[in-house]
Amino acid sequence: MKAHVYVTMKKTVLDPQGQTIARALNGMGHAEIAAVRQGKYFEIELAEGTSLETAKVELDRIAAEVLSNPVIEEYRVELIS
């Protein structure tokens, strides 16, 4: 079983890196780009035999405590069978 964890800045937090990317894209002629929010992506492979319930609990804990900063970031976990 694999998991994908997406970590992004909360909507209320400024994203200067995303703003820089958006300006660069506009400068390259991509006028259709209005805004960019950047983030982090993690692909995690779980040990064989890990139950779905254990995976959900552990991945949520890991994402909250290790992979993201809960003050300024939010995360989403997707389990792939």
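This passage looks at a buried aspartate, a two-faced helix, an aromatic pair and a glycine in a predicted model. Local features were taken only where pLDDT is at least 70 and side-chain atom pairs only at pLDDT 80 or more, while totals for chains, interfaces and linings use all residues. Residues are numbered from 1 along each chain as its sequence is written, and side-chain values use heavy atoms, with hydrogens and water left out.

A good place to start is D15, found in the loop that joins β1 (2–9) to α1 (16–27); helices (H or I, at least four residues) and strands (E, at least two) are DSSP runs, numbered from the N terminus. D15 is buried, meaning under 20% relative accessible area, where exposed is over 50% and partly exposed lies in between (1.4 Å probe, protein chains only). Despite this, D15 forms no salt bridge, a term that requires a side-chain nitrogen of Lys or Arg within 4 Å of a carboxyl oxygen of Asp or Glu. The nearest side chain of opposite charge is that of R37, 4.3 Å away; for charge, Lys and Arg count as positive and Asp and Glu as negative, with His and the chain ends not counted. A polar atom of the D15 side chain does lie 2.8 Å from the backbone nitrogen of Q38. Leaving aside residues up to four places away in sequence, D15 touches M9, V36, R37 and Q38, contact being heavy atoms within 4.5 Å.

Helix α2 (residues 52–67) offers a clear pattern, with A55, L59, A63 and L67 buried. These buried residues line one face of the helix, because they fall within an arc of 55° when seen down the axis of α2; the arc is that of the directions from the helix axis to the C-beta atoms. An α-helix has 3.6 residues a turn, so residues three or four places apart point the same way. The buried residues of α2 pack against β1, β2 (39–45) and β3 (73–80), whereas E53 and E65, on the other side of α2, are exposed.

Turning to aromatic rings, one pair was counted, using rings of Phe, Tyr and Trp (its six-membered ring) with centres within 6.5 Å; planes under 30 degrees apart count as stacked, over 60 as edge-to-face and the rest as tilted. The pair is tilted, since the rings of Y6 and Y41 have centres 5.3 Å apart and planes at 40°. Y6 in strand β1 and Y41 in strand β2 are 35 residues apart, so this pair links distant parts of the chain. Y6 is partly exposed at 25% relative accessibility, as is Y41 at 42%.

Finally, G27 belongs to helix α1 and is exposed, with a relative accessible area of 68%.

Notes:
Polar contact = N/O pair within 3.5 Å; in protein donor to acceptor, adjacent residues only side chain to side chain.
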